[in-house]
Amino acid sequence: MKIKLTLATLVVATVFAAGVAQAGEFVPAAGFGSQYGDLGGKFMYREDNMAVYVGVGIGGAAVGFHIAPSAGSQHVFGAQYASGSDVFDSKSLLLATYDYHFSGFSGRGWTLGGGLGTADYDGGRRDGDSRTVAVFNAGYKF
């Protein structure tokens, strides 16, 4: 629970700081995976080599952040909290993520990635369980 609160606080603080700075850009994306609410869209605020995002889709929603070594880097690392994933039949996911941006972090185009973390289950046979999961994401930045 403390990890979720810390991650949520970090994302809110980053969004607030980005809103005050007003030096970045907003980037819409669509795709499949936990970053996109299983199947849906993602709206990022990107500044230099970092971004914060909100994803909403058919199966759930997500918030998270990305950090790249440089704005032109193809390798991007981050963290994410997703709620209500139908793909994993879970109540929530907390993940460390890696994405590969074919046209670089600051460019438009295809991204492939994944994440590793925990899934909390609510209901059914696994009620109250927490399991380690690996996820896959594929999307396109417009």
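Here are some numbered notes on the fold, the cores, the charged pairs and the surface of this predicted model.

1. Overall layout. The chain carries 1 helix and 8 strands, and from the N terminus on the order reads α-β-β-β-β-β-β-β-β. So you meet the helix and then go through strands to the end, as that order shows. Of the contacts in the chain with a separation of 6 or more, 43% are between residues 24 or more positions apart.

2. Burial and surface. There are 142 residues in the chain, and buried ones make up 42% of them. The accessible surface comes to about 7,300 Å². Carbon and sulfur atoms hold 66% of that area.

3. Strand pairing at the C-terminal end. Follow S6, S7 and S8 here. S6 and S7 run antiparallel and are joined by 10 bridges; one place to look is Leu94, which stands opposite Thr118 in S7. S7 and S8 are also antiparallel, with 12 bridges between them. Along that pairing, Gly113 sits opposite Asn137 in S8, and Gly114 has Phe136 as its bridge partner in S8.

4. Where S1 comes in. Strand S1 covers residues 25-33, and it pairs with S8 in the antiparallel sense over 4 bridges. Ala30 is a handy marker for this pairing, its bridge partner in S8 being Tyr140. S8 therefore has both S7 and S1 as antiparallel partners.

5. The cores. Which residues make up the largest nonpolar core? It has 8 of them: Ala62, Ala82, Leu93, Leu95, Ala119, Tyr121, Val133 and Val135. Strand S6 (90-101) and strand S8 (130-141) are the elements that give two or more residues to it. Apart from this core lies another, of 7 residues, including Met44, Ala68, Val76 and Phe105. As background, nonpolar side chains in soluble globular proteins tend to be buried together.

6. The salt bridges. The structure holds 2 of them, and Glu25 takes part in each. With Arg46, the side chain of Glu25 meets at 2.6 Å, N to O. Glu25 lies in strand S1 and Arg46 in strand S2 (residues 38-47), so this pair ties together parts that are 21 residues apart in sequence. With Arg108, the closest N and O atoms are 3.5 Å apart. That second pair links distant parts of the chain, 83 residues apart, with Arg108 in the loop between S6 and strand S7 (109-120) and Glu25 in strand S1. Taken together, Glu25, Arg46 and Arg108 are linked in a network of salt bridges. In general terms, side chains of opposite charge can pair when their charged atoms come close.

7. Burial within that network. Are the residues of the network buried or partly exposed? Arg46 counts as buried because its relative accessibility is 3%, and the cut-off for buried is under 20%. Glu25, at 31%, counts as partly exposed. Arg108 is partly exposed too, with a relative accessible area of 38%.

8. Gly37. This glycine is found in the loop between S1 and S2. Despite the loop setting, Gly37 is buried, with a relative accessible area of 2%. What does Gly37 contact, leaving aside its neighbours within four places in sequence? The list is Val56, Gly57, Ile58, Gly59, Gly60 and Ala61. Gly37 and Ala82 are also worth a look: the two are 45 residues apart in sequence, and their C-alpha atoms are 7.4 Å apart in space. Ala82, recall, is one of the residues of the largest nonpolar core.

9. The nonpolar surface patch. Phe32, Leu39, Ile58, Phe102, Trp110, Leu112 and Phe136 make a nonpolar patch of about 770 Å² on the surface. Phe32 lies in strand S1 and counts as partly exposed at 39% relative accessibility. Two other members of the patch have come up already: Ile58 is among the contacts of Gly37, and Phe136 is the bridge partner of Gly114.

Definitions and conventions: Residues are numbered from 1 along each chain as its sequence is written. This is a predicted model: local features need pLDDT of at least 70, side-chain atom pairs count only at pLDDT 80 or more; totals for chains, interfaces and linings use all residues. Side-chain values use heavy atoms; hydrogens and water are left out. Patches are made of residues with over 30% relative accessible area and no salt bridge: like charges are joined within 9 Å, nonpolar side chains (Val, Leu, Ile, Met, Phe, Trp, Tyr) within 5 Å. Accessible areas come from the Shrake-Rupley method with a 1.4 Å probe; for residues, only the protein chains shown count as cover. A salt bridge is a side-chain nitrogen of Lys or Arg within 4 Å of a carboxyl oxygen of Asp or Glu. Buried means under 20% relative accessible area, exposed over 50%, partly exposed in between (1.4 Å probe, protein chains only). A nonpolar core is a set of buried Ala, Val, Leu, Ile, Met, Phe, Trp, Tyr and Cys residues joined through side-chain atoms within 4.5 Å. Contact means heavy atoms within 4.5 Å. Two strands pair if DSSP finds at least two bridges between them.
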